[in-house]
Amino acid sequence: MPNLCVNIAGIKMKNPFTVGSGTFGNDGEFEKFFPIELLGALTPKTIRSYEWPGNPPPRLAEAAAGLLSSVGIPSKSWERFVKEDVPVLKKIPIPVIQSVIGRTEEEYVEIVKKCSDLGVFAGIELNLSCPNLKQGGLSFGSDPQASESLIKKVRKQTKLPLIAKLPPDYSNIVNVAKAVESAGADAIAMINAPRAMAIDYKTRKPVLGNKVGALSGPAIKPIAVYLVWEVYKAVSIPIIGMGGIVDFRDVIEFMSAGARAVAFGTINFIDTQAIPRALKDLENYLIENNIDDVNEIVGCAHC
Amino acid sequence: MIKSVKAEIVENKPIAPEFFRMTLKAETLASEGLPGQFVMVKVSPNLEPFLRRPISLHQINREEATVSLLYQVVGKGTRLMSETQKGKVIELLGPLGKGFTWSDSDRVVALVGGGCGTAPLVALAHSLLEDKKEVHVLLGAQTKEKLVCEEDFISMGAKVKVATDDGSYGHHGFVTDLLKNLIHDVALDMVYSCGPLPMTKEVVKLTQEASIPCQISLEERMGCGIGACIGCVCKVRTKDGAFTYKKVCKDGPVFKGEEVMFDD
């Protein structure tokens, strides 16, 4: 049997598979379809330090080979999260990487500290796609200086591996990746869904309730693979690759570009068996190609 | 229990302009599905179109181990469904969501259906009549030829009235006009509704004025159908007068009329 274990900044995953935050429910939705411990790590829904209802409907629109969404990262209050979610997350027998978001540096610092102090999580993913309210609404992750300043501040709050999840917008991702690495991030998750929108040709008005949303699914995969390729060349911390992965071929593509682990996202909504199938197929692929260790393919497209 | 099932198409044929009825051999859906629940249909063998389509259970036949879906061809997904041949096997996820409910004390009920919203009311009427309730069915359609399921309800023993937008059949006007009259004439214990949003809003208004409890089935664009993507939300009133978002796929699609907040 080939080795499937990967190590993301000290998070030991028995295989390279995790899920995109917000794509795997939070209420046991997928346990009906396969055991959660099949995953290398679980990344539950992003949490904020405050309650947030999310965006007004409609929140979804179909796109060619993808999904346009503006859910808006709804979040329950910290008290409810601790009471309702944490006891469930505690029992999960694989590493849990909690994803967090904030609108200001202070909110990120607060939520990272709170999550870290729980002692339940194997790592913390910082979703850097949120607009920085104090900097004119540009997302933290679009600005190397804002990202660096933020990572330095949250770094002081936790010893847990910090994973910076980067947005692909504004074509600055390589500089942002270098900035978060130098500021002390332990890994990079990429790419978050790029901003996108649709306009109804009949009404000539935006389709989504929030007007602007983000595109996910196979439509964004070539962009994500390219950006992983570029960032892999620029940093030495591990990359969790994501963006339109649907099967084992996509996994191999992302890993060859430089990802050490991968996240299945929107495909979970469409095909509840995508993950178990891809895991089996990946194993078979490694056997058929005489690859003893999945780590061998990380970045192999660069050689 | 929600399952991913593969089901053979026993029949798939047009029953009115734009309307198709697909019958599937699907044992678990037939034995576990309830009126008002739905399935997510994988309409093509590949990922184009990307999303599955939510379609309500229209008929649930436990003896034959079949379920039927009545759908209107409105876009790419439903067009592909309409082109899928009898004998083919398709993938479905279900049964999903919370369906209609009824209690022993309800004696006389009304079902209000508009357009394709009539579909789940057929399974509901079947169950209610089995439970020996007096069932009034009010159907609204654009035209006589786009009216569906009238004979199904009549043959079950329901009392049916029809309204058409163009007056080509039955009452010339809205189906809610018929509800107004029925509320006046008959003491109703419960009203069930499924149809376009303006109709649903009017049903809620009329039943609230008459203090009759009402259950409405909502339609929203859905991503996953199982509550994971949080894409299909509606506003539901909270005790403090504010609102919270509820998932149409998991908390619904059937809601109490008074709990949903409509944006005007």
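Here are a few notes on the A/B interface and the cysteines of this predicted model.

1. Let's start with the footprint. On the chain B side, 26 residues are in contact with chain A, and they meet 33 residues there. The two chains bury about 2,500 Å² between them, with 66% of that coming from carbon and sulfur atoms. If you want to know where to look on chain B, go to B:Phe50, B:Arg221 and B:Tyr245: these lose the most area to chain A, and together they make up 26% of what that side buries.

2. Next, the polar side of things. Three salt bridges turn up across the interface of chain B and chain A. One to look at pairs B:Lys247 with A:Glu29, where the closest N and O atoms sit 3.9 Å apart; the cut-off is 4 Å. Eight residue pairs are in polar contact between the chains, counting pairs with both residues at pLDDT 80 or more. As for make-up, the side of chain B that touches chain A has 15 nonpolar residues, seven charged and four polar.

3. Now the cysteines. How many disulfides does the structure hold over all chains? Zero. B:Cys224 is worth a look: the closest cysteine sulfur, in B:Cys229, is 3.9 Å from its own, which is too far for a bond, because a disulfide needs the sulfurs within 2.5 Å. B:Cys224 is also buried, at 2% relative accessibility.

4. B:Cys214 has its closest cysteine sulfur in B:Cys194, 12 Å away, so a bond is ruled out by distance. B:Cys214 counts as buried too, with 4% relative accessibility.

Terms used. Residues numbered from 1 in each chain as written. Chains lettered and ligands numbered in written order. Predicted model: local features only at pLDDT ≥ 70, side-chain atom pairs only at ≥ 80, totals over all residues. Heavy atoms only, no water. Contact = heavy atoms within 4.5 Å. Buried area = accessible area lost by both parts, 1.4 Å probe. Salt bridge = Lys/Arg side-chain N within 4 Å of Asp/Glu carboxyl O. Polar contact = N/O pair within 3.5 Å; in protein donor to acceptor, adjacent residues only side chain to side chain. Nonpolar A, V, L, I, M, F, W, Y, C, P; charged D, E, K, R; others polar. Buried < 20%, exposed > 50% of the residue type's maximum accessible area, 1.4 Å probe, protein only.
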